[in-house]
Amino acid sequence: MRPWACIPVALLAFLPLATPAQLPLHHAGPSTQSFTLLDALSADPDYVSLIKLLQRAKLVPTLNKLQNSTLFAPTNDAIKRHTASNSLWQRALDEDDLDLTDNLELRLRQELFYHLLNYTNYTLPTEQSPQEHKTLLYPRDYTEPPSQEPPPSPPWLPVPNGTLGTNPQRLRLSYREEAVWAGVDASGNGGAKVVKERVQAANGLLLGIGDVLEMPPDLGTVISRHPQLSYFSKIMTPQLAKFLNSTSKLTLFLPVDDAWQALDHYERLYLESEFAADDLKRILNMHAVLLDEVKWADSFTKEAVKLPTIDGPKLSIVPEKDSKKVKVSDADLVERDIYASNGVLHTVSSLLIPEGTFRPTPEKYLLALNCTEFVSLIHSVNLTHLINDPDAQYTILAPPDDVLKLFGHHDMPHRGSEELKRVLQYHFIPGKWTPKKLEDGMLIETALEEPGLDGGRQVLAIEVTDEDKKKDTKTIRFAGAGVMGDPATINNTLVYFLSRPLVPPSDIMETAAPILDVSNFVAGIFSTNLAEMLKSTPRTTLLIPPNDAFKRLGMLVSAHLVSSAAKADFERVILHHTLKGVVYADPIVNGSQRTYGTLEGSDIHVERRGSNRTVLFTPSGGWADMQSELYPYPRNMLTQTGVIHEVSDIMIPRSVHLTVGKLAKAAKATTMTTMMVKAGLGWILNGTAPPEGSTWAEMGLKGSGWTLLCPTDDAFKQINLTGLYADEERLRAIVSQHLIPTPPPPSSPKTSAITVLDTLVNNRPLPLDDSATYSTLHSANAAYGDVIVRVLDGEGGTVVGIKGARGRDGAQDWARVVAWGRSTTGDGSGGVVQIDRLLEPYVPSWYAEYGGPVAVGVGGVLLIGLFFWGVRWVWRRDTTEATYEPIGGFGHDDSEDS
């Protein structure tokens with residue numbers, strides 16, 4: 001044991017109290033003969049622990065110098081219970097550790113000062129309504145270092161200045177359960193019970209209590225312990241807690257838990273997030289008053305006052321005359337004077353936020369709704385104006401953090417890039433589009449302004465499926481992305497949570513390229529070098545046909561268009577499929593416009609037929625009744641420059657002239673075209689009139705309306721072309737045998753019913769039905785000039801041959817139809833039918849020509865001669881036979897008759 005531990009208590013009373021936290025007493029204390037508070041404590045063994053604490057805190061001289069004070073003295077048992085949870089008191093009572101630092105002495109003195117009143121309270125409460133008293137505790141910030149200056153002279157009293165300003169901490173007394181209680185709350189509950197008889201000493205009143213009086217903690221701790229402030233405690237950030245714990249002379253008017261229900265669900269969700277620190281600080285400042293002194297309730301319960309808040313607006317506090325109620329602006333004062341070490345807390349019934357001052361932006365809601373990565377990406381491309389204006393109305397399509405994490409950074413454009421900016425703008429739709437407003441097939445404009453649309457807004461497609469009409473539930477998809485959960489409606493903002501990020505439309509070629517069914521047309525665009533032009537031309541609509549449309553067009557026409565020699569023609573066809581302007585499916589189906597201009601220069605006509613509004617496009621050229629249906633079901637394939645629609649067939653503009661010569665070249669019939677030129681029929685290849693003065697002109701023939709049965713070059717392998725070219729008559733006969741005059745087909749009747757022509761039939765130069773017979777140019781000069789068509793059973797296909805010809809083994813005078821193509825010159829009739837062999841004019845042999853009649857004549861003569869021979873033979877037989885008389889001769893009557 002240290003030597004000074006044996007100093008008697010009486011000697012300690014004369015030791016000075018060296019601390020800057022006390023002031024010298026300027027009045028004399030009680031005489032040595034009087035019975036002081038210290039004597040009263042020494043006389044009662046229940047206060048041994050308290051005396052030891054007073055000694056350790058060097059408060060014995062101060063206690064002796066006090067006059068008319070009141071001491072709430074905790075008993076030994078009370079202190080023992082308290083030391084179990086208070087290491088400072090436990091250390092102070094430890095006789096082996098008497099060396100307490102100044103800060104620890106100060107803390108201990110402060111806690112003991114809370115048990116002292118600087119006056120004698122002779123009138124103790126007799127009812128539960130509490131009395132309020134001022135203690136000798138002037139709370140201070142213990143984190144401040146002690147003063148280095150020595151005290152002027154002992155003994156000392158607390159300095160009347162601290163975290164409550166010049167006011168000391170308060171203590172409430174109440175009477176309940178037939179006892180006086182100290183340290184109760186505003187309702188008179190809690191506190192420490194006075195367990196011993198009151199003792200009146202010369203310098204004050206001694207009241208023994210069964211528990212140690214706890215000093216009010218800082219405001220942050222008070223708030224966290226209050227049962228009606230659990231929500232504010234929940235949203236209190238570390239920064240707010242530091243502010244509440246370190247700010248002196250603070251008066252708070254905090255709303256109770258029920259008051260926060262006035263906020264929208266998403267506003268509360270935002271406040272509960274980690275991103276609301278700034279707004280929470282401002283809200284707190286709207287409820288906080290920071291003046292030179294703390295505003296207890298007795299400062300505003302008698303007359304109205306206006307207290308300025310830290311944020312600026314003033315709180316109007318008005319006590320009601322006819323009741324004890326107090327109005328704090330528009331709220332009711334619920335609980336007053338909740339003590340704290342650095343201020344005072346009052347609770348109110350509602351938020352004290354002026355209207356319009358707390359308006360979280362969409363950004364803050366997105367952060368609270370787990371869309372932080374989405375917000376971060378928006379900041380990287382400087383699109384914060386889309387999420388920082390609370391007045392702007394937007395429908396936001398936001399992928400949550402877990403969705404973006406699933407897709408990863410590799411599936412998104414780089415941060416800060418222009419491509420990312422396009423992607424994010426595509427997630428914002430001006431206006432509030434609630435589920436009730438959305439319909440299947442709608443196109444809604446987004447915030448993405450496309451250069452390819454001349455600065456117009458890009459659209460996105462809406463898909464809506466009614467799952468249960470009775471419950472009015474819908475499945476909604478934006479540009480193919482599903483919606484997860486219910487949308488969040490927040491003031492002027494509506495947020496849908498998407499299952500994946502949206503991808504804005506790409507250029508026209510990137511959009512069409514992945515569609516395998518249209519790959520032939522896309523390849524044609526690349527082959528004609530129109531790809532770059534179509535990608536860069538703003539506001540266009542591409543009508544794109546499927547691959548089988550090339551077959552439906554006629555294989556020779558298709559072969560011509562895709563050939564290198566016909567590049568200009570195919571370019572015109574492609575440009576004729578490109579409409580000027582952006583025309584979505586709905587205006588085409590339901591609109592009133594009947595013609596659309598194309599980049600080729602001519603117009604496309606639109607017809608809408610039937611109750612289901614079937615759309616048929618008619619080109620400016622081609623042949624009669626050429627048409628293409630908008631099909632399948634109108635679907636908008638959006639692009640950076642407009643939209644793509646699928647159509648059933650390829651359309652030919654009037655700037656493309658499909659002549660017999662072009663189709664024959666596509667049929668690989670160079671030999672046949674050479675023969676036509678040598679035969680003087682080259683004008684048919686070009687679709688022009690025959691030369692003036694020629695035999696053909698004298699016959700009145702025209703340059704159009706011809707169908708050429710065109711053998712391929714392989715069909716001439718067994719033909720002596722040199723001899724053929726030398727025999728002009730034979731050459732002309734062969735060529736004439738393959739030329740069929742083809743009149744224009746009769747026009748189709750116009751009806752209100754849906755009339756969609758069979759394109760596979762309509763693309764033929766002439767009908768190729770079974771037994772169809774056609775006259776050729778050779779028919780006028782030969783008995784066997786006509787040709788006939790036969791459709792064979794099964795996979796036999798179609799063959800064409802010379803009518804009436806009798807060839808060897810039946811295979812000499814017919815050819816198989818390989819392909820065909822229809823010309824567009826003149827009235828659009830005629831064309832080329834590709835066949836696999838040459839049809840030579842049929843000249844029957846003398847036997848074939850005369851053998852039949854001769855045989856018939858000879859047979860007839862023989863039959864006639866045989867007939868007459870038979871008659872003569874019968875006659876001669878009758879005259880050479882014997883005659884007989886009847887027995888008995890002739891009768892009388894017989895003789896008379898004779």
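Start by selecting V557, which you'll find in helix α21, residues 555–562. Before you go further, keep in mind that what you have open is a predicted model. Color V557 by accessibility and it comes up as buried, because its relative accessible area is 0%. Now show what surrounds it. Setting aside residues up to four places away in sequence, V557 touches W623, L658, L663, W820, G821 and R822. While you're there, add V832 to the selection and draw a line between the two C-alpha atoms: V557 and V832 are 275 residues apart along the chain, yet the C-alpha separation is 9.5 Å.

Next stop: H645. Select strand β33, residues 642–646, and you'll have H645 in it. Is H645 buried or exposed? H645 counts as buried, because its relative accessibility is 0%. Turn on sticks and follow the side chain. It reaches the backbone oxygen of V583 at 2.7 Å, and the side chain of H645 also reaches the backbone oxygen of R635, at 3.5 Å. V583 and R635 both turn up again among the contacts of H645. Leaving out neighbours within four places in sequence, those contacts take in T541, L542, L543 and I544, then V583, Y584, A585 and I588, and finally L630, R635, N636 and M637.

Now for some empty space. Rolling a probe the size of a water molecule over the atoms shows where empty space is left. In this model the count is 6 cavities of 30 Å³ or more. Go to the second largest cavity, with a volume of about 80 Å³. To see its walls, select L50, L54, L59, L63, L71, F72, P74, L112, H115 and L116. Which elements each supply at least two residues of that lining? They are α3 (48–56) and β2 (69–74). Strand β2 gives the largest share, 3 residues. Try coloring the lining of this second largest cavity by residue type: 9 are nonpolar, 1 is polar and none is charged.

Finally, zoom out to the whole chain. Cartoon view has plenty to show, with 32 helices and 40 strands. Of the 898 residues, 47% are buried. Switch to a surface and you're looking at about 44,500 Å² exposed by the chain, with carbon and sulfur atoms supplying 52% of that. For a last look, bring up a contact map: among contacts with a separation of 6 or more, 67% are between residues 24 or more positions apart. The V557 and V832 pair from the opening stop, 275 residues apart along the chain, is a good one to find again in the 3D view.

How values were computed
Residues numbered from 1 in each chain as written. Predicted model: local features only at pLDDT ≥ 70, side-chain atom pairs only at ≥ 80, totals over all residues. Heavy atoms only, no water. 1 Å grid on protein atoms, 1.4 Å probe; cavity = no way out; pocket = protein on both sides within 12 Å on 5 of 7 lines; lining within 4 Å. Points joined across faces, edges and corners; volume = space filled by probe spheres on them. Helix = DSSP H or I, 4+ residues; strand = E, 2+ residues; numbered from the N terminus. Nonpolar A, V, L, I, M, F, W, Y, C, P; charged D, E, K, R; others polar. Buried < 20%, exposed > 50% of the residue type's maximum accessible area, 1.4 Å probe, protein only. Contact = heavy atoms within 4.5 Å. Areas by Shrake-Rupley, 256 points an atom, 1.4 Å probe, with all protein chains shown as cover. Polar contact = N/O pair within 3.5 Å; in protein donor to acceptor, adjacent residues only side chain to side chain.
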